[in-house]
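Please open the structure in your viewer and keep the selection tool at hand, since this tour goes from one selection to the next.

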2 protein chains.
Amino acid sequence: MITVLCGGVGAARFLSGLVQVVDPATITGVVNTGDDAVINGLAISPDLDTIVYTLAGAIDRERGWGLGGESWNTMDALHRYAVVRPDDSEAAATWFNLGDRDIATHLYRTTRRAEGASLTDITAEIAAAWGLAVRLLPMSDDPVATRLVLPDGGDIAFQDYFVRRHHEVTVSGVRFVGEASPSDAAMDAITDADTVIVAPSNPLVSIGPLRSLPGIDAALAARRDRTVAVSPIVGGRALKGPADRMLTELGHEPTVLGVARLYRDIAATLVIDPADADLAAAVEGAGMRPVVTPSVMSTPESAAHLAAATLAAR
Amino acid sequence: MITVLCGGVGAARFLSGLVQVVDPATITGVVNTGDDAVINGLAISPDLDTIVYTLAGAIDRERGWGLGGESWNTMDALHRYAVVRPDDSEAAATWFNLGDRDIATHLYRTTRRAEGASLTDITAEIAAAWGLAVRLLPMSDDPVATRLVLPDGGDIAFQDYFVRRHHEVTVSGVRFVGEASPSDAAMDAITDADTVIVAPSNPLVSIGPLRSLPGIDAALAARRDRTVAVSPIVGGRALKGPADRMLTELGHEPTVLGVARLYRDIAATLVIDPADADLAAAVEGAGMRPVVTPSVMSTPESAAHLAAATLAAR
């Protein structure tokens with residue numbers, strides 16, 4: 001049994017490689033929900049949806065989120081209401097784009113939550129609707145919100161940072177708000193796995209929320225030899241998103257060495273790209289065993305290769 | 001000032017005639033909300049929306065509800081989830097069709113309600129978004145649900161009866177559930193109007209919920225000479241919907257005479273179609289002054305004619 005700790009796009013691509021090299025039924029993804037938000041009254045779980053849509057082959061590959069061949073008629077129609085809403089209202093939010101078919105997923109999740117279903121159960125239903133064999137688990141059934149601290153001391157919600165402000169503002173800290181515990185299923189998936197993989201996701205705002213839950217880091221640390229992390233930083237840059245800049249802003253090195261220092265307590269091995277082979281010794285010095293293999297997942301084949309190499313690195 | 005008591009399609013067409021013959025700014029519609037429902041987590045107000053879309057010239061005239069030129073991609077995508085939802089869940093409801101652009105209206109209303117806005121304020125915002133000059137008021141800011149009693153004594157929600165069961169089941173009663181009061185604005189619109197018009201809507205399940213609110217019937221009765229009702233029954237048949245059959249099932253005559261007996265306490269005048277001229281004396285005998293004028297609103301011109309004749313009948 002393999003358990004993968006997941007954020008969004010990078011994890012989705014990694015999983016789409018992993019299912020090519022092992023039986024998908026042996027894979028459990030434990031997915032960040034710190035980005036979850038309620039926008040236009042809809043309960044949105046961006047990382048979970050990105051993974052579901054990617055594994056179903058339905059993702060829009062160019063955008064990296066949402067469904068391919070999507071239409072945008074609801075969002076277009078919302079603009080009419082954005083003009084009339086009171087200044088203090090968040091209704092008719094048009095800064096967070098939602099495709100028409102994607103909205104069906106959010107309507108389903110929102111309705112099921114209102115019925116009292118756990119996000120764990122809802123996620124299993126959504127995964128079944130898309131015919132996935134991989135088991136996907138939200139990290140927690142409790143709400144937990146990733147918030148970015150700004151230099152003025154105030155903080156903003158993750159989607160506000162990531163989408164509304166295009167992750168262009170400088171951040172001075174990350175906070176996780178909410179009295180959340182890992183779900184039993186998520187904790188079991190971590191403790192019972194033969195191999196735990198930390199997907200190539202943002203260490204601070206994708207894997208960070210997972211690690212902020214009580215017991216997760218201790219469970220990983222207790223058997224860190226089983227755990228392999230895949231660096232989301234290649235050649236000093238994030239493959240996707242603001243991880244490189246955010247590492248710098250928050251006092252970490254924006255390199256595989258910075259990643260190693262973040263992960264060394266919970267994982268024995270770090271998969272790095274040949275572009276970073278010159279830092280292999282430094283990674284080793286920081287306490288992780290470096291494994292060098294091509295880590296850029298630009299094709300299904302390269303994702304499968306990275307997944308196979310990561311499994312072999314354990 | 002003219003106040004029109006409104007249900008859905010018939011009232012919407014009547015209002016679209018009225019705005020052609022008087023300044024729309026002098027018109028207030030007080031609209032039934034007993035049909036309102038939460039479906040797929042969306043707060044839906046069918047009668048209000050039918051009126052807004054009709055007055056905006058955006059209604060789908062053939063269907064009589066929803067927007068013209070609509071797409072259905074969200075609803076299509078919901079079917080995927082209908083297959084996986086648990087048996088006891090109402091999520092992914094596909095029996096109540098919602099167009100993609102129509103969903104924007106429901107998202108707006110749902111979000112504003114969650115923010116604590118009154119349906120009166122929300123309706124004014126939606127009407128403004130569509131550029132309407134007519135003032136539209138929900139009858140109440142409190143939830144009130146029209147329920148249809150079945151012969152076995154159980155009852156079902158209005159949309160369940162009307163949409164899910166295509167108003168094909170026999171009903172033995174109508175109930176209005178909820179401790180609702182008319183909004184102050186709705187009550188003022190009725191008491192302050194020079195003329196009150198009861199639109200050609202179903203007397204039992206469109207006008208009935210309005211009349212069930214405390215104070216409405218008394219306010220109408222106190223100055224019944226101002227009030228003109230337009231019969232929704234022409235030649236013994238409802239122009240739209242199940243009003244004729246429902247009148248029979250609930251012990252009323254499915255004719256203008258049956259309508260007169262329902263309205264005589266609150267309105268002095270009843271507008272009836274020439275097809276029912278033979279019942280004019282019976283209407284008079286029942287206590288209402290009959291005014292005979294073509295009442296079938298098949299074109300904008302015929303709606304304008306009916307509106308003008310109704311005003312003149314006062």
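The tour begins with a strand of chain A and ends at the contact with chain B. Please keep in mind throughout that this is a predicted model.

Select residues 2-6 of chain A, which form strand β1. Five of the five residues of this strand are buried, so β1(A) is largely enclosed by the rest of the structure. With the side chains shown, you will find that A:Ile2, A:Val4 and A:Cys6 point one way, while A:Thr3 and A:Leu5 point the other way. In a regular strand the side chains alternate between the two faces of the sheet.

Next, add residues 195-198 of chain A, which are strand β9, joined to β1(A) by four bridges in a parallel arrangement; here A:Val196 in β9(A) stands opposite A:Thr3. Then add residues 27-31 of chain A, strand β2, which also runs parallel to β1(A) and is joined to it by five bridges; within β2(A), A:Val30 is the bridge partner of A:Leu5. To follow the chain from β1(A) to β2(A), select residues 9-21 of chain A, helix α1, through which the chain passes in a right-handed β-α-β crossover.

Finally, turn to the contact between the chains, which takes 30 residues from chain A and 30 residues from chain B. On the side of chain A that touches chain B, select α3 (73-82), α4 (100-114) and α5 (119-129), each of which supplies at least two residues, with α4(A) giving the most, ten residues. Colouring this side of chain A by residue type divides its residues into 14 nonpolar, eight polar and eight charged.

How values were computed. Residues numbered from 1 in each chain as written. Chains lettered and ligands numbered in written order. Predicted model: local features only at pLDDT ≥ 70, side-chain atom pairs only at ≥ 80, totals over all residues. Buried ≥ 20, exposed ≤ 12 C-beta atoms within 10 Å, placed from the backbone. Pairing = 2+ DSSP bridges. Right-handed = clockwise from strand over helix to strand, strands pointing away. Contact = placed C-beta atoms within 7 Å. Nonpolar A, V, L, I, M, F, W, Y, C, P; charged D, E, K, R; others polar.
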